[in-house]
Amino acid sequence: MKKSKVFKMATVSMLLMALLVGCGAKEDRYDAAQSAKKLVLATNAEYAPFEFHKDIDGKDKIVGYDIMIAEEIAKDLGVELEIKDMSFSAVVESVATGKADFAMAAMDPTPEREKAMLFSKTYYTAVAGVLVKKDDADKFKSADDLKGLTIGVQTGSTFVDVATQIPAFNDKEQLMQLDKVGDLVQALESNRAGAVLVELPVAQAYASNNSNVVIAPIQLEPASEGYVAGVAKNSPKLQAAIDKTIERLKNEGKLDEFINEANRLVESD
């Protein structure tokens, strides 16, 4: 979903600066977490079912698929998990500079991010989804039907790249980038956007909770193979520990359980 290969120069500069700052902190974040008995996660809790806010027993909590995996990582390390919710554009920088120990935010392993981070194994296979207004659903059968429309994507997401699969797409004139998927859906409902491109489970979550939008049967290829966790360049021990947990969860069939549970959380009152 999030995290585009097409970054503005300012974003690239930010990542390079973050990398330089991060190189000054030599301690592997695995050791830092063990010393502090705490593992700090950087995320952007605006992307259900991967990470989102939900009222549980009268308290606002950040929940979702990524969060379930992060909790397992912390459990395997024997430490407490602390979640820091921030804009997606700040997630990579916070890890590279040591403000957070790792990132999980429906994040694709792009070349730009690789300049500032080490990636875990893939834990989720990406699938693209196209949201359109329910009243216009019959108009959309293929990517050709998106031609000439304003296309909404989350700022910094790989769906900036996915949109280029639309025939004759002009990103300067047709691309709408907003920080929150909810704002994109509102733009769709108010006809400021003709379609919204997001991860398929995210599209399903919004369609299940909003009778005004549906998922169009349009096939678009995702910009990467899937999502990864990210750690600072100087933290191979933490990277290895995260990989170990992901491999365990795959072998136990927990990843499938988690995505189903995350979707149930989205749909529940």
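What follows is a working chat about a predicted model.

Q: How many helices and strands are in the chain?
A: The chain has 11 helices and 14 strands. This is a predicted model, by the way.

Q: And what share of the residues counts as buried?
A: Of the 269 residues, 52% count as buried. As for the surface, the accessible area of the chain is about 12,300 Å², and carbon and sulfur atoms account for 49% of that.

Q: What about contacts, how many join residues at least 24 apart?
A: Taking contacts between residues at least 6 apart in sequence, 78% join residues at least 24 apart.

Q: Let's pick a spot inside. Where does Ala 103 sit?
A: Ala 103 is in strand β6, which covers residues 102–107.

Q: Buried or exposed?
A: Buried: the relative accessible area of Ala 103 is 0%, and the cut-off for buried is under 20%.

Q: OK, which residues is Ala 103 in contact with, leaving aside neighbours within four places in sequence?
A: Leu 41, Ala 42, Val 91, Val 95, Met 117, Val 228, Ala 229 and Gly 230. Two of the names on that list, Val 91 and Val 95, turn up again among the buried residues of helix α4.

Q: Which other residues of α4 are buried?
A: Helix α4 runs over residues 88–96, and its buried residues also include Phe 88, Val 92, Ser 94 and Ala 96. Just after the helix comes Gly 98, with a positive phi of about 85°.

Q: Back to Ala 103 for a second. How far apart in space are Ala 103 and Ala 232?
A: Their C-alpha atoms are 9.3 Å apart, while in sequence the two residues are 129 apart.

Q: Switching to backbone oddities. Which residues other than glycine have a positive phi?
A: Asp 57 is one of them, with phi near 55°, and Asn 191 is another, at about 70°. Most residues other than glycine have a negative phi.

Q: Where are those two?
A: Both are in loops: Asp 57 between β3 (51–56) and β4 (59–63), Asn 191 between α8 (181–189) and β12 (195–199). Asp 57 counts as exposed at 77% relative accessibility, and Asn 191 is exposed too, at 56%.

Q: Which peptide bond is cis?
A: The one from Ala 48 to Pro 49, with omega near 10°. Pro 49 is in the loop between β2 (46–47) and β3.

Q: Now charges. What gathers in the patch of negative charge on the surface?
A: Asp 55, Asp 57, Asp 60 and Asp 85. So Asp 57 comes up again here, an exposed residue at 77%.

Q: And how many salt bridges are there?
A: The structure holds 11. One of them pairs Asp 76 with Arg 248, with the closest N and O atoms 3.2 Å apart. That pair links distant parts of the chain, 172 residues apart: Asp 76 is in helix α3 (residues 65–77) and Arg 248 in helix α10 (residues 236–251).

Q: How exposed is each partner?
A: Both are partly exposed, Asp 76 at 39% and Arg 248 at 23%.

Q: What else does Arg 248 meet in a salt bridge?
A: Glu 252, at 3.0 Å from N to O. Through shared partners, salt bridges join Glu 72, Lys 75, Asp 76, Arg 248 and Glu 252 into one network.

Q: And which residue does Lys 121 pair with?
A: Glu 247, with the closest N and O atoms 3.3 Å apart. Lys 121 is in the loop between β7 (117–119) and β8 (124–125), Glu 247 is in helix α10, and 126 residues separate them. Lys 121 is partly exposed at 37%, and Glu 247 is partly exposed at 30%.

Notes: Residues numbered from 1 in each chain as written. Predicted model: local features only at pLDDT ≥ 70, side-chain atom pairs only at ≥ 80, totals over all residues. Heavy atoms only, no water. Patch = residues over 30% accessible without salt bridge, like charges linked within 9 Å, V, L, I, M, F, W, Y side chains within 5 Å. Areas by Shrake-Rupley, 256 points an atom, 1.4 Å probe, with all protein chains shown as cover. Salt bridge = Lys/Arg side-chain N within 4 Å of Asp/Glu carboxyl O. Lys, Arg positive; Asp, Glu negative; His and termini not counted. Charge placed at Lys NZ, Arg CZ, Asp CG, Glu CD. Helix = DSSP H or I, 4+ residues; strand = E, 2+ residues; numbered from the N terminus. Buried < 20%, exposed > 50% of the residue type's maximum accessible area, 1.4 Å probe, protein only. Contact = heavy atoms within 4.5 Å.
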